[in-house]
Amino acid sequence: MDFILDNEEVEQKFQQILKVIKLRKNGEVSDAMKQQGILYKLNWGLSILDLREIAKSYEPDHLLALKLWNKQWRETMILATLLDDVKELTEEQMDFWAKSFENSEIAEQASTNLWVKSKFAFVKALEWCRGKKHLVRFSGVHLMGRLAITEKLAIDEMFEPFFDELPTLAKDAKLYTPMYRAIIAMGTRSRFLHEQCVELAKTFQLSNSETAAKLGEDLFEEMTSDYFQDSIKS
């Protein structure tokens with residue numbers, strides 16, 4: 001990653017944000033997240049709504065986002081995804097952050113708040129689906145789903161390369177939920193992608209993996225239902 005010199009104005013914003021986080025801390029929420037297995041080096045227990053409210057007080061700032069990420073608190077990392085300037089986002093930074101994820105919450109927040117806006121989003125989503133680390137693959141699948149929901153102008157062919165990767169990923173029980181949601185999202189985009197997703201579900205059902213077979217059954221039932229047919233964009 002490129003080395004960026006600090007400046008006094010950004011440091012003041014950074015310190016101000018740290019103070020606000022501490023003032024809004026919620027130990028009960030932090031403890032509950034630990035019990036659910038959502039672990040961070042430090043978690044002050046702020047809600048996502050609180051963090052979005054804090055972010056609204058600042059303009060996008062790449063250097064501020066890098067400083068917040070490097071602090072490695074739960075709240076500062078999520079704020080980094082909310083405050084980074086997508087125009088300055090690089091593939092190197094995306095890879096560096098994705099490989100450092102420690103839980104699915106931060107992976108989802110990065111995907112939803114930042115990755116999906118990047119010009120590298122489709123490329124990184126496909127690369128990460130082939131990743132070795134679970135949370136990297138999770139990031140790829142989640143980002144694929146977010147792209148299916150938000151990129152209204154993307155042509156169907158931009159999603160086709162994912163279909164080669166999904167049968168292998170379908171065997172991973174930890175990816176069941178993001179896989180289900182992402183494929184459902186793709187299946188609503190067009191009649192063509194709906195047909196592709198239904199065929200994919202049939203492929204899953206033939207897998208020797210119980211997880212993949214169950215995912216295929218659930219997807220097939222959902223996507224062939226009457227109400228789902230009505231939701232497909234023409």
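Is Lys 124 buried or exposed? In this predicted model, Lys 124 is buried, with a relative accessible area of 1%. The residue sits in helix H8. Beyond neighbours within four places in sequence, Lys 124 is in contact with Glu 91, Met 94 and Asp 95.

The overall fold gives the setting. The protein has 14 helices and zero strands. From the N terminus on, every element in the run is therefore α, as the order α-α-α-α-α-α-α-α-α-α-α-α-α-α shows. The C-alpha atoms fill a box of roughly 55 × 35 × 35 Å along the principal axes. The radius of gyration is 19 Å. A compact globule of 234 residues would have a value near 17 Å, so the two agree. Of the 234 residues, 51% count as buried. Among contacts with a separation of 6 or more, 72% join residues 24 or more positions apart.

The surface and the charges were also examined. The accessible surface comes to about 12300 Å². Carbon and sulfur atoms account for 51% of that area. The side chains include 31 positive and 38 negative ones. The centres of these two sets lie 4 Å apart.

Helix H6 spans residues 91-100. Its buried residues are Gln 93, Met 94, Asp 95, Trp 97 and Ala 98. The cover over these residues includes helix H4 (62-71) and helix H5 (74-83). Helix H8 (121-129) and helix H9 (134-150) also belong to that cover. Two residues of H8 illustrate the packing. Lys 124, described above, is in contact with Met 94 and Asp 95, both of which are among the buried residues of H6. The second is Trp 128, also placed in H8. Trp 128 counts as buried because its relative accessibility is 3%, under the 20% cut-off.

The contacts of Trp 128 were listed without its neighbours within four places in sequence. They include Met 94, Asp 95 and Ala 98, which are buried residues of H6. Trp 115 is a further partner. Val 136, Arg 137, Ser 139, Gly 140 and Leu 143 complete the list. These five partners have numbers that fall in the span of H9, 134-150. Trp 128 and Ser 231 are 103 residues apart in sequence. In space, their C-alpha atoms are 29 Å apart.

Three loop residues were considered next. Pro 60 lies in the loop between helix H3 (48-55) and H4. Leaving aside neighbours within four places in sequence, Pro 60 is in contact with Leu 83, Asp 84 and Asp 85. Leu 83 carries the end number of H5 (74-83). Pro 60 and Lys 19 are 41 residues apart in sequence and 19 Å apart in space, C-alpha to C-alpha.

Gln 72 lies in the loop between H4 and H5. Its phi is positive, about 70 degrees, although the residue is not a glycine. Gln 72 counts as buried because its relative accessibility is 19%, against a cut-off of under 20%.

Ser 209 is found in the loop between helix H12 (191-205) and helix H13 (210-223). At 12% relative accessibility, Ser 209 also counts as buried. Its side chain reaches the backbone nitrogen of Ala 212 at 3.2 Å. The number of Ala 212 falls in the span of H13, 210-223.

Terms used. Residues numbered from 1 in each chain as written. Predicted model: local features only at pLDDT ≥ 70, side-chain atom pairs only at ≥ 80, totals over all residues. Heavy atoms only, no water. Helix = DSSP H or I, 4+ residues; strand = E, 2+ residues; numbered from the N terminus. Rg over C-alpha atoms; globule rule 2.2 N^0.38 Å. Buried < 20%, exposed > 50% of the residue type's maximum accessible area, 1.4 Å probe, protein only. Contact = heavy atoms within 4.5 Å. Areas by Shrake-Rupley, 256 points an atom, 1.4 Å probe, with all protein chains shown as cover. Lys, Arg positive; Asp, Glu negative; His and termini not counted. Charge placed at Lys NZ, Arg CZ, Asp CG, Glu CD. Polar contact = N/O pair within 3.5 Å; in protein donor to acceptor, adjacent residues only side chain to side chain.
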